[in-house]
Amino acid sequence: MRRLLLCAAAVNGGFLSQHERHGMKPCTELTPWFVKCIDVEAEQAETDAVVGRPRVGLQELSGDRKRCNLQNKAHDRQGNEGIRIAIALFGLIRHNATAINFENMLLKPLLKYQDHAYSADVLLHTNVVDRINNPRGKEVNVELPGPDAWEAFRPCRYSVEDQGVIDYKLSPLIRSFRKTQLAGIHRTRSNIQQGREENSASLMNLLRALYSLRASGGLIRGHEVATGRTYDVVVSARVDTIFTREVPGATYAYVHRSPVAKLFVPHFGCSVNTELLLNDRFAVGEREAMVHVYLPRIETLRKHKKEHEDSNRHVFNARSRRERTRRNGPALPPKLLSGERHLFDTVQAHGVPTARIPQFCLRRVRAGGLIWVKVFTSLDSHECPLEKLDHCDERCMERQPACVAGRGCHQRGVNMHARFFDGEDWCNLPDASERHPTCLYDWEGLGLGWMTTA
């Protein structure tokens, strides 16, 4: 394993003493996820020596400097840092164009926004491998960019691990899932062996992604320990996706003051066989919900498997299936593990209020630059260029114009109107108003009417 850590930050006294001055208590197993506390585990994390860091603004964004202390406008990082944002990247880098897209569609809008002061750090965990073999994604023995591709993101703190080492660490978890995951897979397929191979690759990719996701959370906590300052808002993004529209700069200020929702995900890509789940490819949220629920959710997989599995496959438990029959029509057939289902069940187990936002627009990028099929529909009058292309290399990505979010990324067809999950269920279901009076389409009451969607 090659594990690299880098930080460029300033030490302002001990992490413990700073929190003690604010009267915070250490976290325990009984501490609710929404209560701010001292993360003792994070304090024991390995951290580097920390040096002073200058401000990095929009003009310096395209240089060679590490992306630490990105500020949309100059402010005092000692006494008033504004809203502190951690941008945590994770996963396998499949094409170099994603780094260019990340800079243009996420970082630049953040730094151009002037209504609130931001201070942001980019952190990255990635797994590296020379070639990839993923039949489902049309990647058959395709060469990847290389072990140094992560440098294009210029993270403030990073960790790089060999994928073979990660697979070894995951092997007990892989064995526990593979038997049940493959037992009933693709029974309707004419080529059963092909179905089993594709699902096996998908399972491996999911577990690797969850491992990397948790590791990115560790970088966040380690950086907080090193700097003595906690983040207010956390962004989680995959390094194998591109944004087709700009992530609005107002996003982070709203998330920081959101009255109800604590987690925000894309509106699309969350229906599996008409069942409404949650998109697991991008998220931004309040720090406690992200660090304690969203990022480390691989730790819940064994419990998840035990609770949702019958004799040979992953399913909802009987009570949940009866409820879904009553609320959403006929009960669905048993389902296999997926990232969308696991995220939904984790969020529901912790009662995290979650909103689906049409302003988050992204697509997957495969090895070689193939842009995966668009799974959302536009409800506004324009369509951005990256929503029409099926391939875009580095030169193509550099030429892409800015394209505002608008209302371009909605779920297609069924479940299109469900926009808010209150921690127990979706707000568009018949009895939702009985639990939460503002739940039924009262976007202002929920705090979701935060940006123009026309």
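Which hand, left or right, does the link of Cys384 and Cys403 have, judged by the angle about its S-S bond? In this predicted model, the angle about that bond is -80 degrees, and the link of Cys384 and Cys403 is left-handed. The two sulfur atoms of this disulfide are 1.7 Å apart. Cys384 sits in the loop between strand 14 (362-364) and helix 11 (394-398), while Cys403 sits in the loop between helix 11 and strand 15 (420-421), so the disulfide ties together parts of the chain that are 19 residues apart in sequence. A residue is called buried here when its relative accessible area is under 20%, and Cys384, at 0%, is therefore counted as buried. Cys403, with a relative accessible area of 8%, is buried as well.

The count of disulfides in the model comes to four, and two others can be followed in the same way. One of them joins Cys392 to Cys396, with a distance of 2.0 Å from sulfur to sulfur. Its torsion about the S-S bond is about -105 degrees, and for that reason this disulfide is left-handed. Cys392 is buried at a relative accessible area of 2%, and Cys396 is buried at 11%.

The disulfide of Cys68 and Cys156, whose sulfur atoms are 2.1 Å apart, has 110 degrees about its S-S bond and is right-handed. This pair links distant parts of the chain, since Cys68 belongs to the loop between helix 2 (40-43) and strand 1 (70-71), Cys156 belongs to the loop between strand 5 (139-143) and strand 6 (157-162), and the two cysteines are 88 residues apart. Cys68 is buried, with a relative accessible area of 2%, and Cys156 is buried too, with a value of 0%.

From the disulfides we can turn to the nonpolar interior. The largest nonpolar core has 58 residues, and those that touch the most other members are Ile85, Ile87, Leu89, Leu106, Tyr252 and Phe264. Helix 3 (residues 97-112) provides the largest share of this core, with nine residues. A second core, separate from this one, is made of 44 residues, including Leu207, Leu219, Ile220 and Val234. Returning to the largest core, what does Ile87 contact once its neighbours within four places in sequence are left aside? Its partners are Phe102, Leu106, Leu107, Leu110, Ala120, Asp121, Val122, Leu123 and Val235.

Another part to look at is helix 7 (residues 287-294), which has eight residues, seven of them buried, so that this helix is largely enclosed by the rest of the structure. The buried residues are Arg287, Glu288, Ala289, Met290, Val291, Val293 and Tyr294.

The model also holds enclosed spaces, and the count comes to two cavities of 30 Å³ or more. The largest cavity contains about 80 Å³ of space, and its lining is formed by Leu92, Ile93, Thr126, Asn127, Val128, Val129, Leu144, Pro145, Gly146, Pro147, Ala149 and Trp150. Sorted by class, this lining has nine nonpolar residues, three polar residues and no charged residues.

The second largest cavity has a volume of about 60 Å³. Its lining consists of Leu89, Thr98, Asn101, Phe102, Phe153, Ala237, Arg238, Val239, Thr241 and Phe243, which divide into six nonpolar, three polar and one charged. Helix 3, strand 7 (233-238) and strand 8 (241-243) each supply at least two residues of this lining, and helix 3 gives the most, with three. Leu89, one of the residues that touch the most other members of the largest core, is thus also found in the lining of the second largest cavity.

Ile93, which is among the residues that line the largest cavity, makes a good last stop. Its place is in the loop between strand 2 (83-91) and helix 3, and at 7% relative accessibility Ile93 counts as buried. Not counting residues up to four places away in sequence, Ile93 touches Thr98, Thr126, Leu144, Pro145, Ala149, Trp150, Phe153 and Val239. Among these contacts, Thr126 and Leu144 also line the largest cavity, whereas Thr98 and Phe153 are found in the lining of the second largest cavity. Thr241 lines that second cavity too, and although Ile93 and Thr241 are 148 residues apart in sequence, their C-alpha atoms are 9.1 Å apart in space.

Terms used
Residues are numbered from 1 along each chain as its sequence is written. This is a predicted model: local features need pLDDT of at least 70, side-chain atom pairs count only at pLDDT 80 or more; totals for chains, interfaces and linings use all residues. Side-chain values use heavy atoms; hydrogens and water are left out. A nonpolar core is a set of buried Ala, Val, Leu, Ile, Met, Phe, Trp, Tyr and Cys residues joined through side-chain atoms within 4.5 Å. Buried means under 20% relative accessible area, exposed over 50%, partly exposed in between (1.4 Å probe, protein chains only). Helices (H or I, at least four residues) and strands (E, at least two) are DSSP runs, numbered from the N terminus. Contact means heavy atoms within 4.5 Å. On a 1 Å grid over the protein atoms alone, a cavity is a set of points where a 1.4 Å probe fits but cannot get out, and a pocket is an open set with protein on both sides within 12 Å along at least five of seven lines; lining residues have an atom within 4 Å of a point. Grid points are joined across faces, edges and corners, and a volume is the space filled by probe spheres set on the points. Ala, Val, Leu, Ile, Met, Phe, Trp, Tyr, Cys and Pro count as nonpolar, Asp, Glu, Lys and Arg as charged, and the others, Gly among them, as polar. A disulfide is a pair of cysteine sulfur atoms within 2.5 Å.
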